[in-house]
Amino acid sequence: MSRSEQYERTEPETATDWHSRSLEDVYADLETSAQGLAAEEAGARLEREGPNEIEGEEGTSPLRILVEQYTSALIWVLIVAAIVMAGVGHTIDAGVIAGIVVFITLFGFVQDYRAEQSIQALKEMSTTYALVRRNGEKREIDATKLVPGDVIFVESGDIVPADARILEESNLSVDEAALTGESVGVSKEVGEVGEDTSLAERENMLYKDTVVERGSGTAVVVETGPESEIGQIATALEEAEERETPFQSEMDRLGKIIALGVVGAVAIIAVAELVIGDTPPLQVFLTAVGIAVSAVPEGLPAVVTLSLALGARRMAEQNALVRRLPIVEALGSVDVICTDKTGTLTEEEMTVQRIVANRETVEVTGTGYDTDGEFLRDGDPVETERVAEVLRCGLLCNNVDVGTRERDENETEAAESGEGERAYLGDPTEIALFVAAQKAGFDHRDLAEEYPRLGEVEFTSARKRMTTVHRTPDGGTAAYMKGAPETVVERCNRELVDGEIVALTEERRAEIEDRNEAFAEDALRVMGFAYRPDVPDDQTENPDEDLEREMVFLGLQGMLDPPRPEVPGALAGCLDAGINVVMITGDNAVTARAVGEEVGLRSTRVITGPELEEMSDEELAEVVDDVDIFARTSPDHKTRILQTLQAKGHTVSMTGDGVNDAPAVKNADVGVAMGIRGTDVTEQASDIVLLDDNFATIRDAVRGGRRIFDNVRKFVNYLLSGNGGEVTMIFTGSMVGFGLVITPIQILWINVVTDGIPALSMGVDPPAEDIMERDPRPPEEGVITKRIVTSIVGIAIFMTVCLLPLFTLNFFGELIPGYDVTGALLGWSPGYEPGRELAQTMVFTGFVVFEIVRIQAIRFRYGLGLFSNPWLVLAVAVAVTLQLLVLYTPTGQLLFDVEPLALVHWAQIGVAAVVFALLMAVFVKVQDRYFEQY
Ligand code: ATP
């Protein structure tokens, strides 16, 4: 019988006493051990227990999206209009309005639904991985696949993936605010606690979704998914309400302004027509409805939401996962990108190339993580003995392990069948040291047996070093330290030379420093190594910084981390786009400058962490614009640099990976986390996750953001100027006594169908050619600029000026009523009589044609040709076809009260459209003199 058949959870729902049982009991209950589960068994348990996830918000349900379509005031105006129409016997009109209401709501529904789906898909793309022991080895797996009985490893920056009982820990401290509401680090221990210990005091337990602040630990999973403590309190998971995007609030404000305008215009017309004129009330009502529908850009809200969501999806395809939609807008105004060095500008596949040991420099051959390589001095092989101590130190003071990485189904399958690719799991700096030691024939498992580890003083970016304590083969103890060379040398008073411990003189310190500089100038990342024989007894189990003194210096290892090939191009692109790029690194100034030069930073000025600390805020503010490298920084320096830049009015994007980077990432205008290398905590604090950790992706995201912004601006401009034209036309017609120059139903048709469809496709317009050549948009500049306001007014006037003659000519049979100057010029097609229906048809069709002209006029300014967006070509074709169906089919004529136009009418419209286009072209020239480009 297989284990999985035997295994029955005894008390799955109510087992809340995991903390008070003995470990043996816990193991027995879960049928597991410190070695974890077999992969097959874990698979069987996953089937039974279900995935380790808590049902979050499902997103908005389709029904709710549909209902939301009916919350707009406009829809209700239309519904009332339809009812009134039906009431006074205009059943056809009532029917058409009802049809259009259905169309608007369906159109909105489809857009919103697609947007919602895109957003959900984006949410699903962010996966958390957990390090687990299966089949006796470490594996990195999707955290949702954890099951009770799994043995997991956690370290600072991780979000605890499931409820678990601690087996081993080193300095482990967890922030359990997600569960207890209290945001202080809770120190964790191995052991048992009393049965009625409160959740907050169970120091031997880890709970899902809490955050590891410090240290590391191993634990056995006891509850997953909905059975976990956090799963029981569903409310804790509800995400903070999505902020309204700046776009949306601007659109809301706009909506209010339009509503006010409509009320004003309607009031004037009503007074004019009812009191002064002799128009029947129904006609006045119709005009009012006409004004209302012509002023409101019905298609706008849906189009904005959809283009944001689609844009975000496209960005995700390019490896920039947008976690908060509003950020898309801020992206376009980013003018400073602060970036890490290691892994973002560089490959983060490090190889040790040079070693200093026994006072001499040795070259190491081999590339990448390949374990073949030689040790050479002046081209001749040297015995590995000469470098063995430094390499051993690098392998002992090291947390890398070999296992499999399962980031997708294929990798899982391969791992399951024992064919999974062996991967180094851990920090790339340590991997380099691990590989270098392997080149000398060291085996990490053998070494771990010979020198069992007793304790660890953890690495942090602020400490820049790490120490481990070991039992030595001769029964003694020793501490091994590695870190930034200066911090290591500082703690040494002796050095090891040819097997003997000698005093470390000032002269020798200077020599080491020189060697370090020489490596750094070649862009090598340099680490120092030291050890301390005979660790004091009180420092073996739980060592602290006090241990790190009187050490014996062993040597240096210099590793190469080549720049990513795409970075120089991307960086140059950012500089062209008016975006300054600043490198903030923990590495030393010389290495940072050398790498900076390789990737094309201007390297005007370098400031180091210690220098930064000496500077006052004012001093920093004065020089910050000229600095493009900050070296030897600690994470809290990032926040200070960020605040200084922001205070100077910059819109800053900040990258981060470590736990302590989270505050800076959170407070940046655009916080960027690393998908591969980053900690869970930083990811949660971020706006965008780079799935490939690559700097070039930040540039792409900025371009994506600018493009979305451009597109929104284009269709907002397009829709509003069209609406402005309609309002002005109706208003003018009514004021000069022509009555309704176009029917409300025709306006609705234009706004929803012949404008709405092309506007939607403009949402996926390609980027303008100069998109990364212009300066970032000032952050206070919204979608609607002064220039766009003048455009709306100008276009409204031009449309009216060009369309009014079409109306008069076809209503009165003469261009200017009473002065027949054109009747002879154009003549009439046989069978056509001037009249309101014909004149309205002309204005109606004129608008449709003008709008198509207008689209191109807007797009030309962005350098986009007629056929650059196939969707738009299709949309225009659809709009034209539908308009022809309206004009030339009996049903269309019946529903929209139109007459089929003859060639002569099209000629009239053509002439008007040409005049309209010319007016626009002249106007653009005038605008260019007074306004910025957009
Ligand atoms: P970046 O900030 O660009 O990622 P970085 O990796 O050098 O650069 P940190 O991770 O803050 O920045 O590391 C700071 C310094 O600490 C490094 O330059 C190195 O000297 C040292 N260091 C890095 N990793 C370790 C480690 N695992 N153990 C000991 N020391 C380390």
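**Close-up 1. The residues around the ligand are a mixture of nonpolar, polar and charged kinds.** In this predicted model, the shell holds 10 charged residues, together with 5 polar and 5 nonpolar ones. That gives 20 residues surrounding the ligand. If you would like a starting point, look for Lys341, Thr342, Glu430, Ser461 and Arg525, which are the closest.

**Close-up 2. Two domains and several strands contribute to the shell around the ligand.** Domain 3 (320-346 + 564-700) provides at least three residues of this shell, and so does domain 4 (351-370 + 380-405 + 424-560). Which strands can you follow towards the ligand, each supplying at least two residues of the shell? They are strand E17 (465-471), strand E18 (477-483) and strand E21 (524-533).

**Close-up 3. Polar atoms of the protein meet polar atoms of the ligand at Lys482, Ala484 and Gly586.** Begin with the side chain of Lys482, where an N or O atom is 3.1 Å from a nitrogen atom of the ligand. Ala484 takes part through its backbone instead: one of its backbone N or O atoms lies 3.4 Å from a ligand oxygen. At Gly586, a polar backbone atom is 3.1 Å from an oxygen atom of the ligand. On its own, the ligand has 600 Å² of accessible area, and the protein covers 91% of it.

**Close-up 4. Helix H13 is mostly covered.** This helix runs through residues 385-396, 12 in number. From its first C-alpha to its last, H13 reaches 17 Å, close to the 16 Å expected at 1.5 Å a residue. How many of the 12 residues of H13 are buried? The count is 9, and among them are Val387, Ala388, Val390, Leu391 and Cys393. Arg392 is also on the buried list, as are Gly394, Leu395 and Leu396.

**Close-up 5. Asp378 has a positive phi in a loop.** Most residues other than glycine have a negative phi. Asp378, however, has a phi near 50 degrees. You can find this residue in the loop between strand E12 (375-377) and strand E13 (380-381). Asp378 is exposed, with a relative accessible area of 74%.

**Close-up 6. Arg632 is another residue with a positive phi, although it is not a glycine.** Its phi is about 45 degrees. To locate Arg632, go to the loop between strand E25 (629-631) and helix H23 (635-647). Is Arg632 buried or exposed? With a relative accessible area of 12%, Arg632 is buried.

Terms used. Residues numbered from 1 in each chain as written. Predicted model: local features only at pLDDT ≥ 70, side-chain atom pairs only at ≥ 80, totals over all residues. Heavy atoms only, no water. Near = heavy atom within 4 Å. Polar contact = N/O pair within 3.5 Å; in protein donor to acceptor, adjacent residues only side chain to side chain. Areas by Shrake-Rupley, 256 points an atom, 1.4 Å probe, with all protein chains shown as cover. Helix = DSSP H or I, 4+ residues; strand = E, 2+ residues; numbered from the N terminus. Nonpolar A, V, L, I, M, F, W, Y, C, P; charged D, E, K, R; others polar. Domains from an automatic or database assignment. Expected span 1.5 Å × (residues − 1). Buried < 20%, exposed > 50% of the residue type's maximum accessible area, 1.4 Å probe, protein only.
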